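Trainee: Please choose one part of this model and go through it closely with me, in one connected account that someone new to it can follow.

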Amino acid sequence: MPTGYLNAADAAALDDELMKTPGYTLEQLMELAGLAVAEAVYQSVPPVTEKDGTKRRKILLICGPGNNGGDGLVAARHLFFFGHYDCTIVYPKRTSKEHFVNLVKQCEDVGIPFFDEMPGAEELATYDAIVDSIFGFSFKGEPREPFGTIMKQMMEAQKQNSHLQVISVDVPSGWNVDEGDVAKTGFVPDILVSLTTPKSCSKEFTGRHFIGGRFLPPAIASKYNVQMPPYPGVSQVMEVTREQIEG
């Protein structure tokens with residue numbers, strides 16, 4: 001059975017329904033989403049074994065001020081505990097909300113560095129992947145500063161470094177969740193990790209596509225006419241084709 005797509009209104013309504021009392025908490029959903037993102041990074045940028053040992057992979061996570069950014073913070077922590085990854089976080093607009101403060105502290109406690117600005121071009125070239133965790137499905141309009149500049153720097157690094165993979169969380173930042181890149185940013189990630197279910201904008205996406213978030217109750221899936229993919233084993237993500245999404 002195909003997974004289907006969710007538009008912006010249904011994606012918001014599904015989230016609200018998941019978090020009804022009793023139900024999931026935002027913290028639970030963010031933890032599960034971040035774990036899925038981390039596993040997708042692991043599958044996309046796996047550890048490389050060389051003669052002198054396993055090469056550590058460098059991952060830059062760019063986190064926005066909302067829940068999408070929180071997913072990125074969680075993913076960074078999990079990548080640390082996976083081993084073989086050196087993570088750096090760009091987090092220019094922090095929030096004072098307790099859960100996000102806790103997520104930052106958890107990353108700091110394992111030595112993950114935080115910066116307010118993007119590294120320079122030479123430093124960006126040393127990374128294996130950038131995780132775009134800036135804006136999620138509630139984004140509208142055009143990217144505001146400092147994120148407009150950050151996105152341009154990310155796109156330039158992607159253009160100049162063929163080895164560098166850009167991985168977007170749920171929705172490519174700057175895209176309208178229903179209509180795609182209507183702001184004409186020109187940004188197209190190499191990899192997309194859709195959370196729960198692909199959003200309508202991903203109909204135009206042709207890169208590698210993962211679905212993550214193995215927690216959708218069947219009754220809610222049926223209500224919104226979507227379906228979780230057949231996740232293999234204990235995996236939290238699954239790479240899918242357009243046929244598996246649309247049938």
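Mentor: Burial is judged by relative accessible area, where under 20% means buried, over 50% exposed, and anything in between partly exposed (1.4 Å probe, protein chains only). What you see is a predicted model, in which local features need pLDDT of at least 70 and side-chain atom pairs count only at pLDDT 80 or more, while totals for chains, interfaces and linings use all residues. Residues are numbered from 1 along each chain as its sequence is written, and side-chain values use heavy atoms, with hydrogens and water left out.

Let us start with the cysteines. At 0% relative accessibility, Cys107 counts as buried, and Cys63, also at 0%, counts as buried too. Taking a disulfide as a pair of cysteine sulfur atoms within 2.5 Å, the count for this model comes to zero. Cys63 takes part in no disulfide, since the nearest cysteine sulfur, that of Cys107, is 7.8 Å away; Cys107 is likewise in no disulfide, with the sulfur of Cys63 as its nearest at 7.8 Å.

Cys107 leads us to the helices, because it is one of the helix 4 residues that meet helix 3, and contact here means heavy atoms within 4.5 Å. Helices (H or I, at least four residues) and strands (E, at least two) are DSSP runs numbered from the N terminus. From helix 3, the residues Asn67, Gly70, Leu73, Val74, Ala76 and Arg77 meet Phe100, Leu103, Val104, Gln106 and Cys107 of helix 4. The axes of helix 3 and helix 4 (residues 98-109) come within 9 Å and cross at roughly 25°, where axes are lines fitted to C-alpha atoms, for helices over the stretch in contact, and angles run from 0 to 180 degrees between N-to-C directions. Helix 3 and helix 4 are therefore roughly parallel to each other (under 35 degrees counts as roughly parallel, over 145 as roughly antiparallel, 65 to 115 as roughly perpendicular, and the rest as oblique).

Helix 3 (residues 67-82) also packs against helix 2 (residues 26-44), with axes that come within 7 Å and cross at roughly 55°, so this pair is oblique. On the helix 2 side the contact is made by Leu26, Met30, Glu31, Ala33, Gly34, Leu35, Val37, Ala38, Glu39, Val41 and Tyr42, and on the helix 3 side by Asn67, Gly70, Asp71, Val74, Ala75, Arg77, His78, Leu79 and Phe82. Asn67, Gly70, Val74 and Arg77 of helix 3 thus appear in both the contact with helix 2 and the contact with helix 4.

Following the chain out of helix 2, we reach Pro46, which lies in the loop between helix 2 and strand 1 (48-50). Pro46 is partly exposed, with a relative accessible area of 36%, and, leaving aside residues up to four places away in sequence, Pro46 touches Val41, Arg57 and Tyr85. Val41 is also among the helix 2 residues that contact helix 3. The C-alpha atoms of Pro46 and Arg56, which are ten residues apart along the chain, are separated by 9.6 Å.

Another proline deserves a look for its backbone: the peptide bond from Glu145 to Pro146 is cis, with omega near 5°, and Pro146 lies in the loop between strand 6 (129-133) and helix 6 (147-160). Most residues other than glycine have a negative phi, and most peptide bonds are trans.
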